[in-house]
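Here are my notes after a pass through this one, in no strict order. Have a look at the model alongside them.

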Amino acid sequence: MITKLKNFGPGLLFAGAAIGVSHLVQSTRAGADFGLGIIWALLLVNLFKYPFFQFGPRYATATGESLLEGYLKLGKGVLTVYFIISLATIFTIQTAVTIVTAGLASSLFGDFISIRLWTVIILAICLSLLIFGKYKLLDRLIKIIIITLTISTLAAVSMALFNNTNTLSFKQVLPENSLEIAFLIAFMGWMPAPLDIAVWQSLWSIEKNNETKSYTTKSALFDFNVGYIGTIILGIGFVLLGTLVMFNSGETFSNKAGVFSGQLIKMYTTSLGDWAYIIIGIAAFTTMFSTTLTTLDASPRAMAKTTQLLFNKATKFNYIFWIAVLTLGTICIFFLLESEMGLLIKIATILSFITAPFYAIINYKLISSKHTPKEWQPSKSLHVLSILGIAFLIGFSIWYLTTL
């Protein structure tokens, strides 16, 4: 039992990275706009993305190397495409999650300092934790954060259900106009997370095994499944919160980070009572802080490994370089697009969905290739689910592009 608890880590880091904008912002908005009629999309996208996320820890623990080394084995062109896509998205993604975290900090802890300063403070805290504490501190900290997040979110959902006097409709709806379709694609783009997080998972799995020496493929898959199921449950929880508190209320969310965060907290406390403020606040802030922290660690870790593999082992573009560049880039973009939080999140989530077929195809090709030990290649059912998942992701991307 103790060994199993010690082996929890990368799966919870996945949950920490995933449960953020996709849950707090997109899922709450989905519930507010569509009620429980959007649950089908949440469950479907989680089902079809599952194999491609799982292939990250599966490949890493079965081979002792990350997906990035695997991509290089498929061809330098594959790793180059990954590098270009990552370079085009990491700043937008980091800014999108940080801007929401800063807005929540301002609403919860006081607006006596500006959103801009809150952004710098949050990034500085995350930067200090990662540089000085490294993976070991991140691994321990995320367990506390995820437990806090889960308890506070489930408590908020329970309170909302207890106070609800309306009949809940589980009739599923399909978005019809171009605005609704665009929201659906954005919602699924980051539900539960962008597919490139599979790369992060593989890197975290390598780090975990270096630390414990007992992080086997079997324990990695168990760890991942716990984290993945957790993201689904909390995703449904945030859709429920949006439905119970805001559905048919006529209210719309602001695109400004500070205003949005204030609306979010006020919306819940107005419906549930002022006594719910602290629980909602903790749930919201831990949701976004965990995402900000894990993405700030994972993107530089992936970029450092990629540049090392593409160029040479003596490259100066290491983890410290990339985390510094990402932090400064996030601050610059934030200062330029502070009032366009909604647009920023929309761009980041849609980009994630459109690039998802690329990650799905190469992850599936790699895990099914000679580079993966035969005993850890996918089962027949996982093969079928993977093929259906690739078709689903390509189909929805084409559907979105034809509605532009």
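1. V157 sits in helix 7, which covers residues 115-163. One thing to keep in mind throughout: this is a predicted model. Is V157 buried or exposed? With a relative accessibility of 9%, V157 falls under the 20% cut-off, so it counts as buried. Leaving aside residues up to four places away in sequence, V157 is in contact with G237, L240 and L241. V157 also pairs up with I280 in an interesting way: 123 residues separate them in sequence, while their C-alpha atoms are 9.5 Å apart.

2. Helix 7 turns up again around helix 2, as part of what covers the buried residues there. Helix 2 runs over residues 10-18, and because 9 of its 9 residues are buried, it is largely enclosed by the rest of the structure. If you want to click through them, the buried residues are P10, G11, L12, L13, F14, A15, G16, A17 and A18. The cover also includes helix 3 (21-34), helix 4 (39-63), helix 9 (197-212), helix 10 (217-246) and helix 12 (277-310).

3. Next, I85, which belongs to helix 6 (residues 76-109). Its relative accessible area is 14%, so I85 is buried as well. Beyond the residues up to four places away in sequence, I85 touches T355, F358 and Y359. For a longer-range reference, take I85 and L388: they are 303 residues apart in sequence, with 24 Å between their C-alpha atoms.

4. K365 makes a good contrast. You'll find K365 in helix 14, residues 341-367. Its relative accessible area comes out at 52%, over the 50% cut-off, so K365 is exposed. Between the C-alpha atoms of K365 and F8 there are 27 Å, and along the chain the two are 357 residues apart.

5. Now for a helix pair. Where do helix 8 (residues 178-189) and helix 15 (residues 380-402) stand relative to each other? Their axes come within 10 Å and cross at roughly 145°, and the crossing is left-handed. On the helix 8 side the contact is made by I181, A182, L184, I185 and M188, which meet F392, F396, W399 and Y400 of helix 15. Sorted by class, that contact has 9 nonpolar residues, with no polar and no charged ones.

6. While you're on helix 15, check its length. Helix 15 has 23 residues, and from first C-alpha to last it reaches 33 Å, close to the 33 Å expected at 1.5 Å a residue. The buried residues in helix 15 are L382, L385, S386, G389, I390, F392, L393, F396, S397 and Y400. Among them, F392, F396 and Y400 also take part in the contact with helix 8.

7. Last, the cysteines. How many disulfides does the structure hold? The count is 0. C126 is in no disulfide, and the nearest cysteine sulfur to it, that of C332, is 17 Å away. The reverse holds for C332: it is in no disulfide either, with the sulfur of C126 as the nearest one at 17 Å. A pair has to come within 2.5 Å to count as a disulfide, so 17 Å rules this pair out. The surroundings of the two cysteines can be compared as well: C126 has 0% relative accessibility and so counts as buried, whereas C332, at 49%, counts as partly exposed.

Conventions. Residues are numbered from 1 along each chain as its sequence is written. This is a predicted model: local features need pLDDT of at least 70, side-chain atom pairs count only at pLDDT 80 or more; totals for chains, interfaces and linings use all residues. Side-chain values use heavy atoms; hydrogens and water are left out. Axes are lines fitted to C-alpha atoms, for helices over the stretch in contact, and angles run from 0 to 180 degrees between N-to-C directions. Helices (H or I, at least four residues) and strands (E, at least two) are DSSP runs, numbered from the N terminus. A crossing is left-handed if the near helix is turned anticlockwise from the far one by less than a right angle, and right-handed if clockwise. Contact means heavy atoms within 4.5 Å. Ala, Val, Leu, Ile, Met, Phe, Trp, Tyr, Cys and Pro count as nonpolar, Asp, Glu, Lys and Arg as charged, and the others, Gly among them, as polar. Buried means under 20% relative accessible area, exposed over 50%, partly exposed in between (1.4 Å probe, protein chains only). The expected span of a helix is 1.5 Å times one less than its number of residues.
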